Amino acid sequence: MAKATTIKEALARWEEKSGQKASEAKEVKLYGQVPPVEKMDGALSTLVNCEKLSLSTNCIDRIANLNNLKNLRILSLGRNNIKNLNGLEAVAETLEELWISYNLIEKLRGIRVMKKLKVLYMSNNLVKDWGNPLQEKFAADQNSWIEEATKRVPKLKKLDGTLVVKEEEEEGAEGVEGAEGGI
């Protein structure tokens, strides 16, 4: 069996292919490495300017080493072997989009610390405390599913591709429309 690709090796390949320095790049794509990346190792700490990081379609089993990614807004970890969200707290202040579909996640413990999270793709996981089984429970009533999810992530704007509009926002928009209509 082939030895896993390290983040350092993946970054070197990406730099050669893109012609950019990873330490200066705003977007870094390390998805689908052959052989796959298995660990989010310390080499990630060099990505100090990174706003969008893609590590999808690898064999990563845990989130780690995001501490120096102070500008990270979008993190794509779909199609890996991730079991939980531990490690995300390092980017809780900046992360706006999290793509974690097709993993082995059973609990979304830690999602509430994500202060700016607006987009969450989390389908095809093993979530039991809220998420997929909750969606199935409320399958007949899509609004109940969205309501339950947005209680847990208040700033959420998109959930598994569905635009989330909360009642207060709708009422606020109607108020604005009404004001414009009177002018």
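**Reading a predicted fold, beginning with R79**

Q: How does R79 count in terms of relative accessibility?

A: At 47% relative accessibility, R79 counts as partly exposed, because partly exposed covers the range between under 20%, which is buried, and over 50%, which is exposed. The value comes from a predicted model. R79 belongs to the loop between β3 and β4 (97-99).

Q: What is the sign of phi in R79, a residue that is not a glycine?

A: Most residues other than glycine have a negative phi. R79 departs from this, with a positive phi of about 60 degrees. N65 also has a positive value, near 60 degrees, and is likewise a residue other than glycine. N65 sits in the loop between β2 and β3 and is partly exposed, with a relative accessible area of 37%. A glycine with a positive phi is found as well: G19, just after α1, has a phi of about 75 degrees.

Q: Which peptide bond is cis, with omega near -10 degrees?

A: Most peptide bonds are trans. In this model, the bond from V34 to P35 is cis. P35 is placed in the loop between β1 and β2.

Q: What pattern does the protein chain follow along the sequence?

A: The order of the elements is α-β-β-β-β-β-α-α-β-β-α, made up of four helices and seven strands. Of the 183 residues in the chain, 41% are buried.

Q: Which residues of α1 are buried?

A: Helix α1 spans residues 7-18 and reaches 16 Å from its first C-alpha to its last, close to the 16 Å expected. Its buried residues are I7, A10, L11 and W14. They cover an arc of only 100 degrees around the axis, and therefore lie on the same side of α1. These buried residues pack against β1 (27-29), whereas the face turned away from the buried side carries the exposed residues K8 and E16.

Q: How many residues does the largest nonpolar core have?

A: In soluble globular proteins, nonpolar side chains tend to be buried together. Here the largest nonpolar core has 46 residues, and L53 and L88 have the most contacts inside it. Helices α1 and α3 (142-152) each supply at least two residues of this core; α1 gives the most, with four residues. Beyond residues up to four places away in sequence, L53 touches V28, L30, L44, L47, L69, L72, I74, L75 and S76.

Q: Is S56 buried or exposed?

A: S56 is buried, because its relative accessibility is 11% and the cut-off for buried is under 20%. S56 is found in the loop between β2 (52-54) and β3 (74-76). Its side chain reaches the backbone nitrogen of G78 at 3.2 Å. Setting aside residues up to four places away in sequence, S56 touches several others, including Y31, G32, S76 and R79.

Q: How many residues apart in sequence are E38 and A4?

A: E38 and A4 are 34 residues apart in sequence, yet their C-alpha atoms are 6.2 Å apart in space. E38 lies in the loop between β1 and β2 and is partly exposed, with a relative accessible area of 37%. Apart from neighbours within four places in sequence, E38 is in contact with A4, T5, C59, I60 and D61. Across the chain, among contacts between residues at least 6 apart in sequence, 31% join residues at least 24 apart.

Methods
Residues are numbered from 1 along each chain as its sequence is written. This is a predicted model: local features need pLDDT of at least 70, side-chain atom pairs count only at pLDDT 80 or more; totals for chains, interfaces and linings use all residues. Side-chain values use heavy atoms; hydrogens and water are left out. Buried means under 20% relative accessible area, exposed over 50%, partly exposed in between (1.4 Å probe, protein chains only). Contact means heavy atoms within 4.5 Å. The expected span of a helix is 1.5 Å times one less than its number of residues. The arc is that of the directions from the helix axis to the C-beta atoms. A polar contact is a pair of N or O atoms within 3.5 Å; within protein, one must be able to donate a hydrogen and the other to accept it, and residues adjacent in sequence count only if both atoms are side-chain atoms. A nonpolar core is a set of buried Ala, Val, Leu, Ile, Met, Phe, Trp, Tyr and Cys residues joined through side-chain atoms within 4.5 Å.
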